[in-house]
Amino acid sequence: MEILKIKPLSDRVLIEPSPTENMTSSGIIIPDTAKEKPQEGIVVAVGLGKKNEPLTVKIGNKVLYGKYSGTELKLNGKDYLIMRESDIFAII
């Protein structure tokens, strides 16, 4: 795993989304315009949490989050999402 020079603040978490599927199980290629946004990814950086509320997720956790959660950003040519821990539904 690549070390990033970014540190989320407070209860924010940086997530690398899982890659989207390019083909259906029956072999049909999905065009970019029809692909759904991924809803799971790997936590790559975490903030320190709020006072008296430590974070539950840790670096390396695979998580499930809302379809439109977070803010998209690009670092070192890769796509990431930064969101509050409360936008994460579950650790998978």
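Here a biologist and a modeller talk through a predicted model of one protein chain.

Biologist: I'm new to this one, so how many helices and strands are in the chain?

Modeller: Reading along the sequence, you meet the pattern β-β-β-β-β-β. The count for the chain is zero helices and six strands.

Biologist: How confident is the predictor, and which strand has the highest confidence?

Modeller: Over the chain the mean pLDDT is 84, with 79% of residues at 70 or more. Confidence is lowest in β4, where the mean is 90. The highest is at 94, in β3.

Biologist: What share of the contacts between residues at least 6 apart in sequence join residues at least 24 apart?

Modeller: A contact here means heavy atoms within 4.5 Å. Among the contacts between residues at least 6 apart in the chain, the share joining residues at least 24 apart is 63%.

Biologist: And what percentage of the chain's residues is buried?

Modeller: To count as buried, a residue needs a relative accessible area under 20%. The chain has 92 residues, and the buried ones make up 28%. As for the outside, the chain exposes about 6500 Å², and the part supplied by carbon and sulfur atoms is 55%.

Biologist: Let's look at β3, then: which of its side chains are buried?

Modeller: The side chains alternate along this strand. K62 and L64 point to one face and are not buried. Pointing to the other face, and buried, are V63 and Y65.

Biologist: Which residue stands opposite L64?

Modeller: β2 and β3 run antiparallel, joined by three bridges. Within β3, L64 has a residue standing opposite, and that residue is E40.

Biologist: Which residue of β6 stands opposite V63?

Modeller: β3 also pairs with β6, residues 88-91, in the antiparallel sense over three bridges. V63 is one of the buried residues of β3. Its opposite number in β6 is I91.

Biologist: Which residues make the nonpolar surface patch?

Modeller: One member, F89, is found in strand β6. Since its relative accessibility is 58%, F89 counts as exposed. Another member is L64, on the face of β3 whose side chains are not buried. The patch covers about 310 Å², and its makers are L64, F89 and I92.

Biologist: Is D11 buried or exposed?

Modeller: D11 lies in the segment before β1, which spans 12-17. Its relative accessibility is 10%, and the cut-off for burial is under 20%, so D11 counts as buried.

Biologist: Which residues is D11 in contact with, leaving aside neighbours within four places in sequence?

Modeller: D11 is buried, and its list of partners takes in residues from other parts of the chain. With those sequence neighbours set aside, the contacts are G49, K50, L55, M83, R84 and E85.

Biologist: What is the phi of N52, and where does N52 lie?

Modeller: N52 is exposed, with a relative accessible area of 72%. Its phi is positive in a residue other than glycine, near 65°. You'll find N52 in the loop between β2 (40-46) and β3 (62-65).

Biologist: What about N76: where is it found, and what is its phi?

Modeller: N76 is found in the loop between β4 (71-75) and β5 (78-84). At 61% relative accessibility, N76 is exposed. This residue, other than glycine, has a positive phi, with a value near 50°.

Terms used
Residues are numbered from 1 along each chain as its sequence is written. This is a predicted model: local features need pLDDT of at least 70, side-chain atom pairs count only at pLDDT 80 or more; totals for chains, interfaces and linings use all residues. Side-chain values use heavy atoms; hydrogens and water are left out. Helices (H or I, at least four residues) and strands (E, at least two) are DSSP runs, numbered from the N terminus. Buried means under 20% relative accessible area, exposed over 50%, partly exposed in between (1.4 Å probe, protein chains only). Accessible areas come from the Shrake-Rupley method with a 1.4 Å probe; for residues, only the protein chains shown count as cover. Two strands pair if DSSP finds at least two bridges between them. Patches are made of residues with over 30% relative accessible area and no salt bridge: like charges are joined within 9 Å, nonpolar side chains (Val, Leu, Ile, Met, Phe, Trp, Tyr) within 5 Å. A salt bridge is a side-chain nitrogen of Lys or Arg within 4 Å of a carboxyl oxygen of Asp or Glu. pLDDT is the predictor's confidence in each residue, from 0 to 100.
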